[in-house]
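Let's take a walk through a protein model together. Have a look at the sequence and the 3D view, and then we'll go through them piece by piece.

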Amino acid sequence: MLSCPALSAPADLSFCPAGEAAVRINPVSSGMAADDLAAVLSAKRLPHALVVPKVESPDEVHWLMQQAQQVLAQQPQRQQLGRDRSSDSNRVHARQPPLALITMCESARALLDLR
């Protein structure tokens with residue numbers, strides 16, 4: 001099970017100086033990605049992006065998107081990690097921008113399959 005206290009606590013956001021945070025989950029092929037997604041996406045504050053290593057096919061990307069949409073649809077509005085870019089730079093913003101998905105293709109086969 002993924003443990004990420006910075007996402008669940010009203011944390012000091014100084015670990016995120018640029019105002020953005022990304023969380024790496026386990027690869028889809030590991031069998032642990034669903035639990036990781038549920039843990040990260042049900043936290044009080046969301047990261048700006050999910051990083052997914054070892055993506056091997058478009059099916060894995062579609063699965064990730066569907067899983068994320070299902071988990072988020074069941075959750076109340078929550079804040080996203082980061083700082084507001086307004087004049088009060090320490091205030092956490094409450095609007096919910098899109099969640100980015102950063103996929104890492106780590107094999108030649110994956111690059112060919114993702115075309």
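What is the relative accessible area of Asp113? Keep in mind as you look that this is a predicted model. The value for Asp113 is 32%, and since the partly exposed class lies between 20% and 50%, Asp113 counts as partly exposed. Its partner is worth a look too: Asp113 forms a salt bridge with Arg109, and the closest N and O atoms are 3.3 Å apart. Arg109 is exposed, because its relative accessible area is 58%. Side chains of opposite charge can pair when their charged atoms come close. Both residues belong to helix H4 (residues 108-113), where they sit 4 residues apart, so about one helical turn separates Asp113 and Arg109. Don't go hunting for others like it, as the structure holds 1 salt bridge.

Now for the strands. An open sheet is made of 3 strands, in the order S1-S3-S5, and the pairing is parallel. At the edges you'll find strand S1 (22-24) and strand S5 (100-103), each of which pairs on one side only. From one strand to the next, the twist averages 25°. Zoom in on S1 and strand S3 (residues 49-52), and you can follow their parallel pairing over 3 bridges. Here Val23 stands opposite Leu50 in S3.

Next, turn to helix H2 (residues 33-41). Which of its residues are buried? They are Ala33, Asp36, Leu37, Val40 and Leu41. These residues cover an arc of only 110° around the axis, so they lie on the same side of H2. Asp35 is also in helix H2, but Asp35 is partly exposed, with a relative accessible area of 48%. If you'd like to place Asp35 against another part of the chain, try Ile25: the two are 10 residues apart along the chain, and their C-alpha atoms are separated by 9.2 Å.

That brings us to the inside. In soluble globular proteins, nonpolar side chains tend to be buried together. Here the largest nonpolar core has 14 residues, and those with the most contacts inside it are Ile25, Leu37, Val40, Leu41, Leu50, Val52 and Leu64. Which elements give two or more residues to this core? The answer is H2, S3 and helix H3 (58-73). H2 provides the largest share, 4 residues. You've met some of these names already: Leu37, Val40 and Leu41 are among the buried residues of H2, and Leu50 is the residue of S3 that Val23 stands opposite.

Definitions and conventions
Residues numbered from 1 in each chain as written. Predicted model: local features only at pLDDT ≥ 70, side-chain atom pairs only at ≥ 80, totals over all residues. Heavy atoms only, no water. Buried < 20%, exposed > 50% of the residue type's maximum accessible area, 1.4 Å probe, protein only. Arc of directions from axis to C-beta. Pairing = 2+ DSSP bridges. Axes fitted to C-alpha atoms, helices over the stretch in contact; angles between N-to-C directions. Salt bridge = Lys/Arg side-chain N within 4 Å of Asp/Glu carboxyl O. Core = buried A, V, L, I, M, F, W, Y, C linked by side-chain atoms within 4.5 Å.
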